[in-house]
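Welcome! Grab a pencil, open the structure viewer, and try each exercise before you read its solution.

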Amino acid sequence: MKSTEQKVLPIGIIGAGPIGLAAAAHLHEQGLPFYLFEIGKQVGSNFLDYKHVRLFSPWKFNVDPASREILKRNGWTEPVEKRLPYAGDIYTDYLYPLSQTPELEPHIYLNAKVVSIGRKHIDKSRIKDRSNNPFIIKAIRGGALKTYEVRAVIDASGTWQSPNPLMSGGYYSLAEEQAKDAIMYGIPDILGKDKERYEGKHTLVVGSGHSAINTVIQLGELKKRAPETTISWVIRKPDFSFIPALSKNRFLAQYRLGEKIEQLMSKESIECFPSFYIEDLTESNGKLDVIAASHKRVEGIDQIVVNTGARPNIDIFREVQYSLHSSAECVEGIAQLLFEKKGVVQPHGEKQLRHMEEGFYIIGSKSFGRSSSFFLMNGFEQARSIAAYLSGKIEESEEVHIKFPDEWLK
């Protein structure tokens, strides 16, 4: 049974991206105190990493309802609903203004690296009466290790900073570490600040998701300006049939990516390698060669862009009794939703996000584990439901307030 003192403790939120800020907004609207820890020097750090990339969902689907209400009370002018924002717009026109509101700003700790989460005075192995003790969050701020007592923890730190490796076995090899100066994880700004790194060079793109497609499209644009630029693209899928399917997807703006990549492929601007499971990486005369399990090779590579997805980092909550699916590494309670999904994953809330550890939650893209099917609207609904539950509004927490358009669910 929680003590009265524990019940009035703040709630700790980790990560000040759109979902962490949404959690803060919903907690505020429920009248609950909170701390929000952000490792970066500003909120929305991950969005700034790929600020040059246009999203394929319009503004309408990228703003959390509670955050919208707080912003409007502070004179915010909402962007045009149907416009497709760049990732940088999400920061400039939404996340930064939200972080500066008097409702949130005093409770946001920037440059705060959370290093551990646990229960006060007990370790992970103890089963009985764990919830009687508050959580302890340890974070490095201003060069010092500081301790915070909280009644609940919401981890919204995402997966962007934990990319999957180049090798197909899911491990980081010594060769990959040695070649790190020629490897980029994420979506480089090929037509902007990273132009010199790729112009006139041979670049290998690894992966078959939206990030990889964006990277290949940008390289294709660079090739028009610098024809000596060479593009190789390897995927683990047996063929590239997912491209025409993407082009037919008229909801959101995914079809635009499909159309652009089909044009590049039809002009043979890209050398494509399906069924390519990278098993080794070698270096010779300043160039890299990648070797597949089938002994196929791509040789003479200058730069590699790894777009193979991401995975959750569990190090900070190793002392918590968490419940993650053994293969997908998603929250156990939403595993079935991910495995059975048609279109996007259905909105869900607190009940599906519970762990063995009472009061501990993982939300946002991190709750989806290794799956890339997360939408911001999923996270907004997660944040709303958990905030309602923590304020004692159980029935409200079990409701679904955000509905996806019908065409998303097909």
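Below are five exercises, each with a worked solution.

The model is predicted, so to speak: local features need pLDDT of at least 70, side-chain atom pairs count only at pLDDT 80 or more, and totals for chains, interfaces and linings use all residues. Residues are numbered from 1 along each chain as its sequence is written, and side-chain values use heavy atoms, with hydrogens and water left out.**Exercise 1. Find which strands pair with β9, and how its residues are covered.**

*Step 1.* Locate β9 at residues 202-206. Helices (H or I, at least four residues) and strands (E, at least two) are DSSP runs, numbered from the N terminus.

*Step 2.* Look for partners; two strands pair if DSSP finds at least two bridges between them. Five bridges join β9 to β10 (residues 230-234), and these strands run parallel. Within this pairing, Leu 204 faces Ser 232 of β10. With β15, β9 pairs in the parallel sense over four bridges, and there Val 205 stands opposite Val 305.

*Step 3.* Check the cover. Buried means under 20% relative accessible area, exposed over 50%, and partly exposed in between (1.4 Å probe, protein chains only). Five of the five residues of β9 are buried. His 202, Leu 204 and Val 206 point one way, while Thr 203 and Val 205 point the other way.

**Exercise 2. Describe the two faces of β15 and its pairing with β8.**

*Step 1.* Sort the residues of β15 (303-306) by side: Gln 303 and Val 305 lie on one, Ile 304 and Val 306 on the other. These four are all buried, and both faces of the strand are covered.

*Step 2.* Turn to β8 (residues 183-185), which pairs with β15 in the parallel sense over three bridges. Met 184 has Val 305 as its bridge partner in β15.

**Exercise 3. Work out the strand order of the open sheet that contains β13, and say why two of its strands have a side without a neighbour.**

*Step 1.* Read off the order: the sheet has three strands, β12-β13-β14, with antiparallel pairing.

*Step 2.* Find the edges. β12 (278-284) and β14 (297-301) each have a single partner strand, so one side of each has no neighbour in the sheet.

*Step 3.* Consider the angle between neighbours. On average, neighbouring strands of this sheet are turned by 15° against each other, direction ignored. Axes here are lines fitted to C-alpha atoms, for helices over the stretch in contact, and angles run from 0 to 180 degrees between N-to-C directions.

*Step 4.* Follow β13 (residues 287-292) into β14: the two pair in the antiparallel sense over three bridges. Leu 288 stands opposite Ile 301, and Ile 291 stands opposite Arg 297. β13 and β14 form a hairpin with four residues between them.

**Exercise 4. Locate residues with a positive phi and state whether Glu 268 is buried or exposed.**

*Step 1.* Recall the usual case: most residues other than glycine have a negative phi, and most peptide bonds are trans.

*Step 2.* Start with Glu 268, where phi is near 55°. This residue sits in the loop between α10 (254-266) and β11 (271-273). Its relative accessible area is 70%, so Glu 268 is exposed.

*Step 3.* Move on to Glu 329, with phi near 60°. Its place is the loop between β15 and α11 (335-339). Glu 329 has 24% relative accessibility and counts as partly exposed.

*Step 4.* Add His 295, in the turn of the β13-β14 hairpin, with a positive phi of about 75°. As a distance exercise, take Lys 260 in helix α10: Lys 260 and His 295 are 35 residues apart in sequence and 31 Å apart in space, C-alpha to C-alpha.

**Exercise 5. Describe the surroundings of Asn 214, then the lining of the largest cavity.**

*Step 1.* Find Asn 214 in helix α8 (residues 210-225). With a relative accessible area of 16%, Asn 214 is buried.

*Step 2.* List its contacts, where contact means heavy atoms within 4.5 Å. Not counting residues up to four places away in sequence, Asn 214 touches Val 53, Ile 187 and Leu 257.

*Step 3.* Now look at the largest cavity. A cavity is a set of points on a 1 Å grid over the protein atoms alone where a 1.4 Å probe fits but cannot get out, and lining residues have an atom within 4 Å of a point. The lining consists of Leu 48, Asp 49, Tyr 50, Lys 51, His 52, Asp 189 and Lys 193.

Methods: 1 Å grid on protein atoms, 1.4 Å probe; cavity = no way out; pocket = protein on both sides within 12 Å on 5 of 7 lines; lining within 4 Å.
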